[in-house]
Amino acid sequence: VQLLKAIVLIELESYLEALDACDRASPRDSLYYLQEYIKGYCFLKLKRPDEALFSFQSYFRELQTNPSTYDMQKTSIFSWDKDMEVMGFYQTVLKKDFKNSNLHNSLGVLLDKRRRSIEARSIFDRAIQLDCTNVLAHINRGKIYSEVRDFIHAEESFRTALSLDSTAVFALFYQGKSALMQGRTEEAVQSFSNALALAPNFGEAYTLRESIFSKK
């Protein structure tokens with residue numbers, strides 16, 4: 001309720017009041033996955049760029065590392081974003097901090113979300129060039145490779161991510177989805193099971209694994 005109230009307040013340009021509503025939000029709020037995104041946007045409109053960047057980066061980190069956040073966003077029927085403005089903000093920040101691999105990765109996530117996958121992959125490439133140990137950029141690039149059915153490069157990206165961090169649950173998850181797209185069901189089950197061993201409440205990983213079992 002508080003986060004929906006915050007969104008209404010944003011539309012009324014009452015950004016301080018919207019921030020207050022965000023701070024009052026409960027983890028049980030169905031829009032809780034948007035909390036840091038909403039806060040970041042409020043800070044952006046209030047011309048407090050450092051706080052905006054901190055909140056946006058927190059949002060992207062949660063979205064890429066927390067299965068519960070991923071599931072909440074995936075299953076939400078609510079749609080609200082200010083992605084075009086946020087992209088412009090990141091492009092401005094990167095002019096001053098061009099060598100920041102994590103910022104490039106976040107911009108890539110925004111582009112991918114807007115279905116601009118070719119541009120997103122280019123940004124993930126740049127993030128990896130700047131920091132070859134950027135696990136999230138490897139995972140995100142692998143996801144895009146998989147979606148265009150370039151499974152060789154996708155698997156290479158996922159393996160690299162897992163060599164850097166064996167607990168990278170989304171590398172396992174997308175590895176499973178990639179295997180499933182190729183009809184390699186046993187490998188898909190193994191990857192989903194490995195992801196669930198790390199994150200037992202990962203809803204989509206569980207659903208996909210069970211869908212394979214139900215067809216046997």
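## Exercises on pockets, cores and cysteines

About 980 Å³ of space lies in the largest pocket of this structure, which is a predicted model.

**Exercise 1.** Describe the lining of the largest pocket, beginning with the residues closest to its centre and ending with the classes of its residues.

*Solution.* Begin at the centre: of the 32 residues that line the largest pocket, Q73, K74, D112, K113 and K143 are the closest to it. Next, look for the elements that give two or more residues to this lining, and you find helix 4, helix 5 (67-75), helix 7, helix 8, helix 9 (135-147) and helix 11. Among these, helix 9 gives the most, with six residues. Finally, sort the lining by class, which yields 14 nonpolar, eight polar and 10 charged residues.

**Exercise 2.** Carry out a similar analysis for the second largest pocket, and name the helix that gives the most to its lining.

*Solution.* The space in the second largest pocket is about 150 Å³. Its lining consists of P49, D50, L53, F89, T92, V93, K96, D97 and L103. Helix 4 and helix 6 are the elements that give two or more residues to this lining, and helix 6 gives the most, with four residues. By class, the lining of the second largest pocket has five nonpolar residues, one polar residue and three charged residues.

**Exercise 3.** Find the residues that touch the most other members of the largest nonpolar core, and then follow the contacts of I10.

*Solution.* The largest nonpolar core has 42 residues, of which I10, I38, F56, F89 and Y90 touch the most other members. The elements that give two or more residues to this core are helix 1 (2-11), helix 2 (15-23), helix 3 (35-45), helix 4 (49-65), helix 6 (83-96), helix 7 (101-113) and helix 8 (117-130). Another core, of 26 residues, lies apart from the largest one, and its members include Y70, L162, A179 and F202. Turning to I10, and leaving out residues up to four places away in sequence, you find that I10 touches Y15, A18, I38, Y41, C42 and W80. As background, nonpolar side chains tend to be buried together in soluble globular proteins.

**Exercise 4.** Explain why C22 and C42 do not form a disulfide, and decide whether each is buried or exposed.

*Solution.* The structure holds zero disulfides. The closest cysteine sulfur to that of C22 is in C42, and because the two are 5.5 Å apart, they are too far from each other for a bond; the cut-off for a disulfide is sulfur atoms within 2.5 Å. For the second part, C22 counts as buried because its relative accessibility is 0%, and C42, at 0% relative accessibility, counts as buried as well.

**Exercise 5.** Classify Q175 and S26 as buried, partly exposed or exposed, and place each of them in the structure.

*Solution.* The classification needs two cut-offs, since buried means under 20% relative accessible area and exposed means over 50%, with partly exposed in between. Q175 is found in helix 11 (residues 169-181), and its relative accessibility is 13%, so Q175 counts as buried. Leaving out residues up to four places away in sequence, Q175 touches E155, F158, R159, L162 and S191. S26, by contrast, has its place in the loop between helix 2 and helix 3, and because its relative accessibility is 24%, S26 counts as partly exposed. Although S26 and Q2 are 24 residues apart along the chain, their C-alpha atoms are separated by 7.9 Å.

Technical notes
Residues numbered from 1 in each chain as written. Predicted model: local features only at pLDDT ≥ 70, side-chain atom pairs only at ≥ 80, totals over all residues. Heavy atoms only, no water. Core = buried A, V, L, I, M, F, W, Y, C linked by side-chain atoms within 4.5 Å. Buried < 20%, exposed > 50% of the residue type's maximum accessible area, 1.4 Å probe, protein only. Contact = heavy atoms within 4.5 Å. 1 Å grid on protein atoms, 1.4 Å probe; cavity = no way out; pocket = protein on both sides within 12 Å on 5 of 7 lines; lining within 4 Å. Points joined across faces, edges and corners; volume = space filled by probe spheres on them. Nonpolar A, V, L, I, M, F, W, Y, C, P; charged D, E, K, R; others polar.
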